[in-house]
Amino acid sequence: MKLKTMTAGLALATAFGAGAALAADDTLDIVFINDGHVAPYHVAWLTGFEDAIAAYDKAFEDVKVSGRWLSAEGSLEKMIQQTEVTINERPDVMFVNAINVDAFEPLVAKAQAEGITWIAVHSPMESADYSFTLGDVANGTNQGMAMCALSKGEPFKVGVMLGQAGNPSGEARREGILKGIATCDNVEVVAEQPADWDTVKAQTIAENWFTQYPDLNAISGVTDAYMYPSIAIATNAGNTDIQFYGYDGDIPIIQQMESGQVMADILLSGTREGWNFVQMAYRIHKGETPEKVYDFFTPLVLTEENHKIALEHGFPEDVQVYYVPQALEVAAKGYLEFGPDSVK
Amino acid sequence: MMTSTATLASGTPKKAIDSLMLRYLVLIGLIVIASVGFSIANENFYSLTNIGILLRSIAVLFLLAMGMTFIMLTGGIDLSIGSNVAFSGAVGVLTLVTTGSAALGFATSILAGMLIGGINGFFIGRLKLSPFMVSLATYALARGLALVLYDANSINVDNAAFLWLGGVSWGNMPVVIPFVALVFIALSVLLYQTPFGRDVYAAGANANTAFVLGRRPERTLVWVYVLSGALAGLSAIITVGRVSSGQPWAGLYLEFDAITAVILGGTSLFGGRGKLLGTILGVLLYGIIINGLVLTGTNPYLQSLIKGLILLGVVLLDTLTQKGKAA
């Protein structure tokens, strides 16, 4: 009985939604297929995407803007299936954060044959109509250089937590961080370990590092998801000297900059990215042609005080830096940069 | 013959058969209800294109779940099959790239799958270690080997023969579906028409009794895991064909999907009871639900909830049915 009720409810809800969609002349249907949906960054990202869909739909009476997101929950096979089903639905624009881009090459052609604009997310694809990238190497380099500058030339030991082995975005971030660290000779990378984007694995790694390297000065990560357990473990152990260098622009992590534990972060911000997706899809729908490889603007976040210290210790002046209040505002309000007003 | 297997399972042949039949009727009912519901919600659901997509997407699950059925009939479990898909795919693809021979690629992929299955079987059957612990170890071992062999990167494959099984369709019908049907027939013959099949049921119903009766359950266990490994190797070939590349992260979490489908299909977690037909229905229901939830744009947070509720509902129904029969 439960299933019958649920199925009927599902059918009614969808039928009602479809009926409402018939009211607009011009439609823009956007689908975002992501590799996950539970990490704090993902939650902010998907929420930003949903909010932006609603805001654009409300702001433009001539276009019915609709959209949905799907999560492959880390499974390549599930993502392939979701992509195939979605192509059969023929949305206007698909954002696909492919677990591995090679596996999706055959599907790009299928989507394009159906008139769907394929936007590869994070890992660029030559065959895609557009690629939405993060400038991971440059961002990682900025994080590494910030560590160099803020270590003030003193001997400094750092452990670097990596993404999933073989993931292009994670590999690019690692490359950047190590490149940035290599600009000085006082910072030593004592350990590198993949945590597979997993908070629980990050917790285990941090515990091991704190035991194995009692003189560890910092933990650097390719995602803020690793910062939460690492900070908690350090705090619980009374270790307030250790520094953290994050990547993602999660609001709770940026907030911890003022207390001095988190030294630097990269302001992706899931909320901003979700809003930027919808803005980009809308621009394409209106006939604009963004750059084929579109770089999401992702500044480094520092406190004003640390920025001054960093500059005094050789940090390049041309690196764009947001201070904490500005970063927090932008991270929380994607519509400040990418809302309907930005394309009116 | 079926009477003898059912007797080993429950001691009351008619009851065992009836409860399984009831389970299949319930599954068929659920499949019909889900199909009608999703078709009303989105007419694309019953389009030939979507049916082709649905069947292709569950082809690998069909194979893995059939292997898992053999294992669960013996009272075991295999957590390594998803990782084994990645490992055996790596061996097959690297053989193909090195030799240029699709036939060798096929053979080594299946042999690599059998190797992991053989390791499982040896430790579980011969050394009598816990299936959960052994296959948990090979779950990590096989994934690690895949990552090392691939150097964590995918490898593109353009050999038409190697890609044929997983990538080609006749109209909207993926060629892999008739292939899976043939495998189903072959495995059904193996399970229901041969002494090996009777040994599988016997090992799961009561290994000690089976031993006393001269059934050699330890040897049966080894071969059951080898069979499951071979099916993982076949699944790897299909996966490579589907994505035109070898993938180090292929098969992730597929073991859970396979276990879910087998349980849905009525195979007992404690062994000795179940049939391949139930597994096929379980996979079909699982695939329809996943496909339909995507098509209807159901919120992914809700999707997990719905999948969990359905599984819980079927397990509950199963328990109530068993209690009803016992009373």
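In this predicted model, the bridge partner of Ile119(A) is Tyr130(A), a residue of strand 5 of chain A. The two strands involved are strand 4 (residues 117-121) and strand 5 (residues 130-133) of chain A, which pair in the parallel sense over three bridges. Both take part in an open sheet of six strands, and a walk across this sheet in chain A meets the strands in the order 2-1-3-4-5-11, with parallel pairing. Strand 2 (63-71) and strand 11 (293-295) of chain A stand at the edges; each has a single partner strand, so one side of each is left without a neighbour in the sheet. From one strand to the next, the twist averages 20°.

Helices pack against this sheet. Helix 3 (residues 76-89) of chain A touches strand 1 (26-34), strand 2 and strand 3 (93-96) of chain A. The direction of helix 3 makes about 170° with that of strand 1 of chain A. Helix 4 (residues 101-113) of chain A lies across strand 3 and strand 4 of chain A, and runs at about 160° to strand 4 of chain A.

Strand 2 of chain A deserves a second look. Although strand 2 is one of the edge strands, seven of its nine residues are buried, and strand 2 of chain A is thus described as mostly covered. Strand 1 and strand 2 of chain A pair in the parallel sense over nine bridges, and Asp26(A) stands opposite Val63(A), a residue of strand 2 of chain A. Between these two strands the chain passes through helix 2 (residues 40-59) of chain A, making a β-α-β crossover that is right-handed.

Chain A also holds an open sheet of seven strands, this one with mixed pairing and the order 7-6-8-9-10-12-13. Its edge strands are strand 7 (187-194) and strand 13 (321-323) of chain A, each of which pairs on one side only. Direction ignored, neighbouring strands of this sheet are turned by 20° against each other on average. An antiparallel pair can be picked out here: strand 10 (residues 262-266) and strand 12 (residues 300-302) of chain A are joined by two bridges. Across this pair, Ile266(A) stands opposite Leu300(A), which belongs to strand 12 of chain A.

The seven-strand sheet has helices packed on it as well. Helix 7 (residues 199-212) of chain A touches strand 6 (156-162), strand 7 and strand 8 (218-221) of chain A, and its direction makes about 160° with that of strand 6 of chain A. Helix 12 (residues 324-332) of chain A lies across strand 12 and strand 13 of chain A, running at about 90° to strand 13 of chain A.

A single residue gives a close-up of this region. Leu302(A) is found in strand 12 of chain A. With 28 other C-beta atoms within 10 Å, Leu302(A) is buried, because 20 or more are enough for a residue to be classed that way. Leaving aside neighbours within four places in sequence, Leu302(A) is in contact with Ala146(A), Ala264(A), His307(A), Ala310(A), Val321(A) and Tyr323(A). Trp197(A), by contrast, is 105 residues apart from Leu302(A) in sequence and 23 Å apart in space, C-alpha to C-alpha.

Chain A meets chain B in a contact that takes 33 residues from chain A and 40 residues from chain B. On the side of chain A that touches chain B, helix 1 (2-21), strand 2, helix 3 and helix 4 of chain A each supply at least two residues. The largest share, ten residues, comes from helix 1 of chain A. By class, this side of chain A has 14 nonpolar, eleven polar and eight charged residues.

In chain B, helix 13 (residues 276-295) offers a simple check of geometry. At 1.5 Å a residue, its 20 residues should span 28 Å, and its end C-alpha atoms are 28 Å apart, which agrees. Helix 13 of chain B is mostly covered, with 19 of its 20 residues buried. Gly297(B), which follows helix 13 of chain B, has a positive phi, near 65°.

Elsewhere in chain B, Val200(B) lies in helix 9 (residues 195-205). Val200(B) counts as buried, with 29 C-beta neighbours inside 10 Å. Beyond its neighbours within four places in sequence, Val200(B) is in contact with Phe70(B), Leu73(B), Thr74(B), Leu191(B), Thr220(B) and Val224(B). Gly271(B) is 71 residues apart from Val200(B) along the chain, and their C-alpha atoms are separated by 9.1 Å.

Definitions and conventions:
Residues are numbered from 1 along each chain as its sequence is written. Chains are lettered from A and ligands numbered from 1 in the order in which they are written. This is a predicted model: local features need pLDDT of at least 70, side-chain atom pairs count only at pLDDT 80 or more; totals for chains, interfaces and linings use all residues. Helices (H or I, at least four residues) and strands (E, at least two) are DSSP runs, numbered from the N terminus. The expected span of a helix is 1.5 Å times one less than its number of residues. A residue is buried if 20 or more other C-beta atoms lie within 10 Å of its own, exposed if 12 or fewer, and partly exposed in between; C-beta atoms are placed from the backbone. Two strands pair if DSSP finds at least two bridges between them. Axes are lines fitted to C-alpha atoms, for helices over the stretch in contact, and angles run from 0 to 180 degrees between N-to-C directions. Two residues are in contact if their C-beta atoms, placed from the backbone, lie within 7 Å. A crossover is right-handed if, with the strands pointing away from the viewer, the path from the first strand over the helix to the second runs clockwise. Ala, Val, Leu, Ile, Met, Phe, Trp, Tyr, Cys and Pro count as nonpolar, Asp, Glu, Lys and Arg as charged, and the others, Gly among them, as polar.
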